[in-house]
Amino acid sequence: MSYIITSPCVGVCDTACVEVCPVDCIHGPKNTTGAGVEVKELKEQEGGLEGLQLYIDPETCIDCGACEPECPVDAIYPSEDDVPEEDRSYIKKNYEFFGQSCPPEYE
Ligand code: SF4
Ligand code: SF4
């Protein structure tokens, strides 16, 4: 189980969640280990964040819950089972961003 980032993050990438994660497991939108460093540069480009979001590394997340209340757009859910049906595809996206296999029950 892992915290999962969903659709409201797309195009926002605020990075408030990154700041509070004690194990530095929130990355993207492009670099899988950069803790969102590229967001600043992308923000300065016209449409630079279009279609982009951040992701939580399911293998590293310790389920501490620190990130969830920090997100200004309520994009973070405490587990795969809490993700709303319409955003279910984001579970797989989070796993695949880090090259991990999504548990079959969440495919
Ligand atoms: S999940 Fe929320 S706080 Fe984290 S980058 Fe996306 S919009 Fe920002
Ligand atoms: S639940 Fe804790 S460890 Fe997991 S992504 Fe959020 S802040 Fe990081």
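Biologist: Leaving aside its neighbours within four places in sequence, which residues is Cys67 in contact with?
Modeller: Bear in mind that this is a predicted model. Cys67 is among the residues that touch the most other members of the largest nonpolar core. Once its neighbours within four places in sequence are set aside, the contacts of Cys67 are Tyr3, Cys17, Val20, Ile26, Ile56 and Ile76.

Biologist: Okay, and how many residues are in the largest nonpolar core?
Modeller: Cys67 has company at the top of the contact list there: Ile5, Ile26, Leu54, Ile56 and Ile76 also touch the most other members. Helices chip in too, with H1 (16-20) and H2 (38-43) each supplying at least two residues. The count for this core is 20.

Biologist: Is Ile26 buried or exposed?
Modeller: Ile26 is found in strand S2, residues 26-27. Buried means under 20% relative accessible area. Ile26 has a relative accessible area of 2%, so it counts as buried.

Biologist: How far apart in space are Ile26 and Cys67, C-alpha to C-alpha?
Modeller: Along the sequence, 41 residues separate the two. Still, Cys67 is on the contact list of Ile26, which also includes Ile5, Val18, Leu54 and Tyr55. From C-alpha to C-alpha, the distance between Ile26 and Cys67 is 9.3 Å.

Biologist: Which residues does the second, separate core include?
Modeller: In soluble globular proteins, nonpolar side chains tend to be buried together. Here a second core, separate from the largest one, is made of six residues. Among them are Ile4, Ile91, Cys102 and Tyr106.

Biologist: On to the ligands. Which residues come nearest to ligand 1?
Modeller: Ligand 1 takes up the space of the largest cavity. By class, its shell has eleven nonpolar residues, one polar and one charged. Of the 13 residues around ligand 1, the nearest are Cys9, Asp14, Thr15, Cys17 and Cys71.

Biologist: And which come nearest to ligand 2?
Modeller: The second largest cavity is the space taken by ligand 2. Its shell divides into twelve nonpolar residues, one polar and one charged. Out of 14 residues around ligand 2, those that come nearest are Cys21, Cys61, Cys64, Gly65 and Cys67.

Biologist: Last one: is Gly51 buried or exposed?
Modeller: Gly51 sits in the loop between H2 and strand S3 (55-56). Its C-alpha is 5.5 Å from that of Val10, although the two are 41 residues apart in sequence. The cut-off for exposed is over 50%. With 57% relative accessibility, Gly51 therefore counts as exposed.

Note on methods
Residues numbered from 1 in each chain as written. Chains lettered and ligands numbered in written order. Predicted model: local features only at pLDDT ≥ 70, side-chain atom pairs only at ≥ 80, totals over all residues. Heavy atoms only, no water. Core = buried A, V, L, I, M, F, W, Y, C linked by side-chain atoms within 4.5 Å. Buried < 20%, exposed > 50% of the residue type's maximum accessible area, 1.4 Å probe, protein only. Helix = DSSP H or I, 4+ residues; strand = E, 2+ residues; numbered from the N terminus. Contact = heavy atoms within 4.5 Å. Near = heavy atom within 4 Å. 1 Å grid on protein atoms, 1.4 Å probe; cavity = no way out; pocket = protein on both sides within 12 Å on 5 of 7 lines; lining within 4 Å. Sits in = over half its atoms within 2 Å of the grid points. Nonpolar A, V, L, I, M, F, W, Y, C, P; charged D, E, K, R; others polar.
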